[in-house]
Amino acid sequence: MKRFKPWLFMSVLAGIVIAIALLTAEDDSAMFITIDESLNQTEENYLVYFWQEGCHYCEEIEPVITDYQEEGARPLYVIDMQAEENLSAWYDWEQHHREKDQVIGEVVDGSIEYFEDPNIYLEDPDIQWEIETIGDEVKAVHQTALYDKNPTTIAEINIPATPALLTVEQGEPKALVVGVDRVTEQLTQAKE
């Protein structure tokens, strides 16, 4: 018999509550749109929140989103990143890893032999690297998304993870931020 996992139940329940709250909102403070509609809203100043059900970080930021919906000055549009029409906006992590990961060693007779010092990668202040053994190769895996933080067209919007938030001012995209801390910071600024 499987054990009941209250944390899993609560996470799923929180995701459902968020979706229902956003879908049944009586006011226009949050509306679902598609990626193709993200840059052509009638307002000059608005926010576009990129979300997906089951995202732990989206659940973590739910109180901030709810607070913004109640007190924020700008409209908040929501894009469900699991919806078929929005999948094209995801950052291409497979291509990223094909282009950026580096083979820095190999496994020979059960021991790792490095071609390069792995600390060169691990001490990089600008890029998060992880050292992984994949088959007989030792790779420095590039974990920092190189997405456009200031997209000007829909085609330039690439979401590496959720939650993410795009700020639009004077009808032009201003900034795309990713992660709980950055999204919270942008929402706080938008309330002022």
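Leaving aside its neighbours within four places in sequence, with which residues is Pro151 in contact? In the predicted model, Pro151 is in contact with Glu156, Ile157, Leu166, Pro173 and Leu176. The residue lies in the loop between β7 and β8, and Pro151 is buried, with a relative accessible area of 1%. A further link across the sequence is seen in the separation of 9.3 Å between the C-alpha atoms of Pro151 and Glu172, which are 21 residues apart along the chain.

The protein chain as a whole comprises 6 helices and 9 strands. Of its 192 residues, 35% count as buried. The chain exposes about 11400 Å², of which carbon and sulfur atoms supply 50%. Among contacts between residues at least 6 apart in sequence, 66% join residues at least 24 apart.

In soluble globular proteins, nonpolar side chains tend to be buried together. The largest nonpolar core of the present model contains 19 residues, and the members that touch the most other members are Val48, Phe50, Ile79, Ile157, Ile159, Leu166 and Leu176. Strands β2 (46-51), β3 (76-80) and β8 (164-169) each supply at least two residues of this core. A second, separate core of 15 residues includes Tyr49, Cys58, Ile61 and Val177. The surroundings of Val48 illustrate the packing of the largest core: not counting residues up to four places away in sequence, Val48 touches Ile33, Ser38, Tyr77, Ile79, Ala164, Leu165 and Leu166. Three of the core residues named above, Ile157, Leu166 and Leu176, are also among the contacts of Pro151.

The loop between β7 and β8 also contains Thr162. This residue is buried, with a relative accessible area of 7%. Its side chain makes a polar contact of 3.0 Å with the side chain of Gln52. Beyond its neighbours within four places in sequence, Thr162 is in contact with Phe50, Trp51, Gln52, Cys55, Tyr57, Cys58, Met81 and Trp90. The contacts of Thr162 thus include Phe50, a member of the largest nonpolar core, and Cys58, a member of the second core.

Helix α3 (residues 62-71) has Ile65, Tyr68 and Gln69 as buried residues. Seen down the axis of α3, the buried residues fall within an arc of 100°, so they line one face of the helix. An α-helix has 3.6 residues a turn, so residues three or four places apart point the same way. The face of α3 turned away from the buried side carries the exposed residues Pro63 and Glu70.

A set of antiparallel pairings involves β4, β5, β6 and β7. Strand β6 (residues 129-134) pairs with β7 (residues 137-142) over 6 bridges, and Trp129 has His142 as its bridge partner in β7. These two strands form a hairpin with 2 residues between them, and Gly135 in the turn has a positive phi of about 65°. Strand β7 also pairs in the antiparallel sense with β4 (residues 102-108), over 4 bridges; here the bridge partner of Gln102 is Ala140. In turn, β4 and β5 pair over 4 bridges, again in the antiparallel sense, with Ser111 of β5 as the bridge partner of Val108. A hairpin is likewise formed by β4 and β5, with 2 residues between them, and Asp109 in the turn has a positive phi of about 50°.

Two further residues have contacts with these strands. His96 is found in helix α4 (residues 93-100) and counts as buried at 3% relative accessibility. The side chains of His96 and Tyr91 make a polar contact of 2.7 Å. Leaving aside neighbours within four places in sequence, His96 is in contact with Tyr91, Asp101, His142, Thr144, Ala145 and Leu146; one of these, His142, is the bridge partner of Trp129.

Glu116, by contrast, is partly exposed, with a relative accessible area of 31%. Its place is in the loop between β5 (111-114) and α5 (119-122). Not counting residues up to four places away in sequence, Glu116 touches Val103, Ile104 and Tyr121, and a polar contact of 3.0 Å joins the side chains of Glu116 and Tyr121. Glu116 and Ala140 are 24 residues apart in sequence, with a C-alpha to C-alpha distance of 9.9 Å.

How values were computed. Residues numbered from 1 in each chain as written. Predicted model: local features only at pLDDT ≥ 70, side-chain atom pairs only at ≥ 80, totals over all residues. Heavy atoms only, no water. Pairing = 2+ DSSP bridges. Buried < 20%, exposed > 50% of the residue type's maximum accessible area, 1.4 Å probe, protein only. Contact = heavy atoms within 4.5 Å. Polar contact = N/O pair within 3.5 Å; in protein donor to acceptor, adjacent residues only side chain to side chain. Areas by Shrake-Rupley, 256 points an atom, 1.4 Å probe, with all protein chains shown as cover. Core = buried A, V, L, I, M, F, W, Y, C linked by side-chain atoms within 4.5 Å. Arc of directions from axis to C-beta.
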